[in-house]
Amino acid sequence: MEKHYLVVLLLISVFFTSFSSAQSTEPLVRGRTLQKDSLLLDLHMLEKALTEAHPGIYRYNQVEDIRHQFERLRRQVYDGMTEAVFMKQLAKTVVQIKCGHTYLNPWNMPYATRKRLFGGNIYLPIGFEVVDGRFYLTHKAFDEEDFKTGAEILSINGHSTQAIYDSLKTITKRDGNNTSPASQYLSMNNFGVRPWQFFDLYFPLFFPLTAPKYELTYRNYDSDQIHEISIDALSKKQRAEAMEKKYGSNVNGKKRWSLDLSHPNLAIMELNDFAIWNWKGFDQAKWFQQAFDTIQQLGITNLVVDIRSNSGGLTEPKNELISYLTPQKIDCSRAAKTLIRTTQVDSIFKPYVETWVPHIYTGLPAETYEVYKDGFYLLKGDGGCQDILPKEKGFKGKTYFFGGATNVSATFDLLNKAQKFEFGTFIGETTGGNQQGINGGQYLFLTLPYSQIEVDIPLIYYQPSTPRPDAGVQPDVTVKRTQADIAQQRDPHLEYVLKEIGER
């Protein structure tokens, strides 16, 4: 009897060990399992919305290219798939449009969807900067003296960072064939300005986590020794709190705009965001007036405008800033043409779409547009564009802009205008965006009815008045961060300017 009892215990032990082992291979991020019919209906709705309304759908693709992408995805969903897998495959499809304003936007997804996909302990508790496909440590939400700022991260959960970079860069947002933003999108060093970070969203989809743990290998700066470290994954809130406790509130984006006057004859204006509509009580025009009054009163003749972490937002702060810097009127008639692909959106989308232009369902008034070419309509009037007039007491000194791949929208336009109208020197790296024009302005925020995944779809194409290259804005002076800069916490952009103005 005792022998049989021991055998039973052994069998039970083996069963639960096997069961536990099987469980450990289950991805932490799955979401619901979606069936073929539901997924096919979602894909039909998305394809219809994109091909009928998106103004850039065929700018970098032929009709058959887009059709092929959706046919590929339809074949993949025939056996059904989880929300996580569908999101990954949908991102691969949407990125083929080559529009940086068309993407799966977690901000606009229903709360329940966000919670299922991104609500767990899946967050890597470090920050890093990606330079030329290599990952360098910038922040860590824990105490580990051997893991030093500037260390190169070599692998995450057994996957080389090169493999991770090669996989994730295939779905990073881009405009046209300008792929310069890939490294910036994959970096994680700005936890509040970009509260939903690309790596957080897609690493668990491409490289599924089976436990709330990260195993890293790394090599410190100026060392050949490879180290290993095992760290617990955190929730998004836990990581934010840990980072703020360790580095202060600025790391979580609570710092808005700032004016640094600590250097002789140099003002540093850091503008980390133009998406300021939720900044309660903030008056951007008053802020600029006070800042430039201070600069003038102190007799400062050199100004840095640091927009390295600013991906855009509203047009108003951009234009207000320019008005203090430009010595000449910037005529709106010299701006881009405002084109749309449809004057009336099918009402079938109404239950699933939020938009800032609800009258798009009834049709735009005939007097507001005219038939253009290549399937476009030209919006009449200024299309929201305004002349930029120089301030009577504008800044008369030398202006330097710090920018790069993050600048894709309003800040892309700011740097573009700075070069075109010669009111500042652009220091940094090639911007995101595209000189051939970007899409934006007004949107359909489409939540697919069954998967509940949301896709932002812009409605306006801003076409340049003259032919332009398929590229971002090139800097006047190329300055690039290195591992040594990160490890030694140097700012090469600022060092260049200080040397230029003779302060070093």
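Helices, of at least four residues, and strands, of at least two, are DSSP runs numbered from the N terminus, and that numbering is the one to follow through this predicted model.

**The whole chain**

Begin with the whole chain selected, where there are 14 helices and 21 strands. The C-alpha atoms fill a box of roughly 100 × 60 × 40 Å along the principal axes. The radius of gyration is 25 Å, which agrees with the value near 23 Å that a compact globule of 504 residues would have. If you colour by burial, buried residues make up 51% of the 504 residues, while the accessible surface comes to about 24,000 Å², with 48% of it belonging to carbon and sulfur atoms. Of the contacts between residues at least 6 apart in sequence, 74% join residues at least 24 apart.

**The six-stranded sheet**

Next select strands 10, 11, 12, 17, 18 and 21, which form an open sheet in the order 10-11-12-17-18-21 with mixed pairing. Strand 10 (257-263) and strand 21 (477-478) each have a single partner strand, so one side of each is left without a neighbour in the sheet. Zoom in on strand 10 and strand 11 (residues 266-271), which pair in the antiparallel sense over five bridges; one place to look is Asp-260, whose bridge partner in strand 11 is Ile-268. Then add helix 12 (residues 410-420), which packs on the sheet by touching strand 17 (398-403) and strand 18 (425-428), and whose direction makes about 145° with that of strand 17.

**Gly-403**

Stay with strand 17 and pick out Gly-403, which has its place in that strand. At 4% relative accessibility, Gly-403 counts as buried, because the cut-off is under 20%. Leaving aside neighbours within four places in sequence, the residues in contact with Gly-403 are Ile-307, Arg-308, Leu-415, Phe-426, Ile-427, Gly-428 and Glu-429. Of these contacts, the one with Glu-429 spans 26 residues in sequence, and the C-alpha atoms of the pair are 6.6 Å apart in space.

**Helix 14**

Now select helix 14 (residues 492-500), in which Pro-492, His-493, Leu-494, Val-497 and Leu-498 are buried. Their cover includes strand 10, strand 11, strand 12 (302-306), strand 17, strand 18 and helix 13 (483-487). An α-helix has 3.6 residues a turn, so residues three or four places apart point the same way. At the start of helix 14, show the side chain of Asp-491, one oxygen of which reaches to within 3.1 Å of the backbone nitrogen of His-493; just after the helix, Gly-502 takes a positive phi of about 80°.

**Strand 13 and its partners**

Move on to strand 13 (residues 337-340), which pairs in the antiparallel sense with strand 20 (residues 454-463) over four bridges. In strand 20, Gln-463 is the bridge partner of Lys-337. Strand 13 is also joined by two bridges to strand 16 (residues 377-379), again running antiparallel, and there Tyr-377 is the bridge partner of Ile-340.

**Two loop residues**

Finish with two loops. Gln-452 is found in the loop between strand 19 (439-447) and strand 20, and has a positive phi of about 65° although it is not a glycine; at 25% relative accessibility, Gln-452 counts as partly exposed. Asn-157 lies in the loop between strand 6 (152-156) and strand 7 (159-160), where its phi is near 50°, a positive value in a residue other than glycine, and at 24% relative accessibility Asn-157 counts as partly exposed.

Notes:
Residues are numbered from 1 along each chain as its sequence is written. This is a predicted model: local features need pLDDT of at least 70, side-chain atom pairs count only at pLDDT 80 or more; totals for chains, interfaces and linings use all residues. Side-chain values use heavy atoms; hydrogens and water are left out. Two strands pair if DSSP finds at least two bridges between them. Contact means heavy atoms within 4.5 Å. Axes are lines fitted to C-alpha atoms, for helices over the stretch in contact, and angles run from 0 to 180 degrees between N-to-C directions. The radius of gyration is taken over C-alpha atoms; the globule rule is 2.2 Å times the number of residues to the power 0.38. Buried means under 20% relative accessible area, exposed over 50%, partly exposed in between (1.4 Å probe, protein chains only). Accessible areas come from the Shrake-Rupley method with a 1.4 Å probe; for residues, only the protein chains shown count as cover. A polar contact is a pair of N or O atoms within 3.5 Å; within protein, one must be able to donate a hydrogen and the other to accept it, and residues adjacent in sequence count only if both atoms are side-chain atoms.
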